[in-house]
Amino acid sequence: MTGADGSHAAGAWVVAGARLLGGNPADLVLRDGLIAEVTAPGAASVAGARVLDATGLVALPGLVDLHTHLREPGREDAETVRTGTAAAALGAFTAVHAMANTDPVADTAGVVEQVWRLGRESGHCDVQPVGAVTLGLEGRQLAELGAMATSAAGVRMFSDDGRCVSDAVLMRRALEYVKAFDGVIAQHAQEPRLTEDAQMNEGVLAGILGLRGWPAVAEEAIIARDVLLAEHVGSRLHICHVSTAGSVELIRWAKGKGVDVTAEVTPHHLLLTDELAATYDPTYKVNPPLRTKTDVEALRGALADGTIDAVATDHAPHPVEDKDCEWSAAAFGMVGLETAVGVVAEAMVATGLLDWAGVADRMSLRPARIGRLHGHGRPLEPGEPANLTLVNPDAAWTVTAVALASKSRNTPFAGHTLPASVVATFLRGTPTVLAGGLV
Ligand SMILES: [Zn+2]
């Protein structure tokens, strides 16, 4: 692996005949970390350049994940920055936002700089740390938001993800505080009292299975409160992993009023429903829970019309012992980096809801803008950083848990065939993935 900081002189590449955003084919010349030229197919010739025949492949700007749990420091048995970023590169990502619920929690400049440095040293993609909103994620006292923002990591997104900032006063203060440096609070919207011991979506099925229900209103109540708070203080709010039709309505309403709110949806919430809980297989246990078919349809529609801005994986690796147990004792979460493109292709592209340009917008351009991540989510044009990925839209593949680069195996898609696969990823002109494998 070459360094992720792009400081070395990478050899030039010609990516020949790729369909830009799924449109017309072109040749891309990558040199010195940049897209040097975009020419008609067959027109690019650069002495000494390596050539990648991209006939039939779709070229997208490198994907940006707003929501990745890399687990390092503290849970290196589940994932490390190295394994997590390898999974990301294989999944077409050139940048990920690393969530703050590590051990120690990323609530100081020291810890966010540690994660940022690990990303630079060992990463297969850029790692942008997310800072905690409250000290220790305990919801009692604001963390050092300003110190994290001005640290080398340049944190812009703050989240207590895994927990909700449920105290309205703290949430208001956090929203006010981050305005000074154009930050954003990413809320894990979950009213804690309404979800005590909750195990799956609240509904008829939860009753039949004897599992404590997780009401949609627990998510929606926090979103309603927070969009009003964001409007009141004139700050930027992001809603993590939206999972219900009611949440979509609220976000649509808030955006219509001009509230500066953005939202993400996970690939699994675009494809899977709560009926999978009937298997009692804890692989399907996730926070927020899988919802109903009606919710899935509303989420797809909202992603298609832009009400939901972005797809974010909520990649949540867990070691086997934390998942291979009875449902009520199992950890919440699923890995998702390596399957994200395939799942979005199935849920959104194959259904005609999004074209590949739309996928680029929801998985690269908008997430980079929300995270204020410079150098990512840029158009495939001369002079832009050569962060891009090549997807074969017609190469179906069947997911095998043991073949994942992630250190954990908790994928809900094992045995499932996805319609599209990632062929190559370039980070500042240097390949991190070629022929579907790590470089
Ligand atoms: Zn979360």
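Mentor: Start with two strands, β5 (residues 58-61) and β16. They run antiparallel, and 4 bridges join them. One note before we go on: this is a predicted model.

Trainee: In which two ways can strands of a sheet pair?

Mentor: Strands pair through backbone hydrogen bonds, and they do so either parallel or antiparallel. Now apply that here. Pro61 has Leu388 as its bridge partner in β16. β16 also pairs with β19; 5 bridges join them, and the two run antiparallel. In that pairing, Leu390 stands opposite Ala424 of β19.

Trainee: Is strand β16 largely enclosed or left open?

Mentor: To judge that, count buried residues. A residue is buried if its relative accessible area is under 20%. Strand β16 covers residues 388-392, and 4 of its 5 residues are buried, so the rest of the structure largely encloses it.

Trainee: How many strands form the open sheet that contains β9, and in which order?

Mentor: Read across the sheet, from neighbour to neighbour. This one has 5 strands, ordered β9-β10-β13-β14-β15, with parallel pairing. Next, find the edges. They are β9 (157-158) and β15 (310-311); each has a single partner strand, so one side of each lacks a neighbour in the sheet. Look at the β9 edge. There, 2 bridges join β9 to β10 in the parallel sense. Phe158 has Ile185 of β10 as its bridge partner.

Trainee: What is the strand order in the open sheet of 3 strands?

Mentor: The order is β6-β7-β8, and the pairing is parallel. The edge strands are β6 (63-68) and β8 (126-129). Each has a single partner, so one side of each is without a neighbour in the sheet. Neighbouring strands here are turned by 20° against each other on average, direction ignored.

Trainee: How many bridges pair β6 with β7?

Mentor: Over 4 bridges, β6 pairs with strand β7 (residues 93-98) in the parallel sense. Asp65, for instance, has Val96 in β7 as its bridge partner.

Trainee: Which helix lies across β6 and β7?

Mentor: That is α12 (residues 356-370), and it runs at about 55° to β6. As a general idea, an α-helix has 3.6 residues a turn, so residues three or four places apart point the same way.

Trainee: How many residues of helix α11 are buried?

Mentor: In α11, 9 of the 10 residues are buried, so the rest of the structure largely encloses this helix. Among the buried ones are Val341, Val344, Met348 and Val349.

Trainee: How many aromatic pairs does the count come to?

Mentor: Compare ring centres first, then ring planes. The count comes to 4 aromatic pairs. In one of them, Trp13 and Phe426 meet edge-to-face, 5.5 Å centre to centre, with 70° between the planes. This pair links distant parts of the chain: Trp13 sits in strand β1 (residues 13-20) and Phe426 in strand β19 (residues 421-427), 413 residues apart.

Trainee: Are Trp13 and Phe426 buried or exposed?

Mentor: Trp13 is buried at 6% relative accessibility. Phe426 is buried too, with a relative accessible area of 0%. Now take Trp214 and Phe332. They are edge-to-face as well, 5.6 Å centre to centre, with 80° between the planes. Trp214 belongs to strand β12 (residues 213-214) and Phe332 to the loop between α10 (320-323) and α11 (340-349), so the pair ties together parts 118 residues apart in sequence. Trp214 is buried at 3%, whereas Phe332 is partly exposed at 29%.

Trainee: Which charged end sits over the ring of Phe332?

Mentor: It is the charged end of Lys285, 4.6 Å from the ring's centre. Rings can also join in groups: Phe158, Tyr177 and Phe181 are linked by ring pairs into a cluster.

Trainee: Which residues are the protein donors of the zinc ion?

Mentor: List the donor atoms, then trace them along the chain. The protein donors are Asp161 (OD), His188 (ND1) and His241 (NE2), at 1.9 to 2.3 Å from the zinc ion. Their spacing along the chain is D-x26-H-x52-H. His188 lies in the loop between β10 (184-187) and β11 (200-201), and His241 in the loop between β13 (237-239) and α7 (245-256); these two are 53 residues apart. Both His188 and His241 are buried.

Technical notes. Residues numbered from 1 in each chain as written. Predicted model: local features only at pLDDT ≥ 70, side-chain atom pairs only at ≥ 80, totals over all residues. Heavy atoms only, no water. Phe/Tyr/Trp six-rings, centres within 6.5 Å; stacked < 30°, edge-to-face > 60°. Buried < 20%, exposed > 50% of the residue type's maximum accessible area, 1.4 Å probe, protein only. Lys NZ or Arg CZ within 6 Å of the ring centre and 35° of its normal. Pairing = 2+ DSSP bridges. Axes fitted to C-alpha atoms, helices over the stretch in contact; angles between N-to-C directions. Contact = heavy atoms within 4.5 Å. Donors = N, O, S within 2.8 Å, 3.2 Å for Na, K, Ca; no water.
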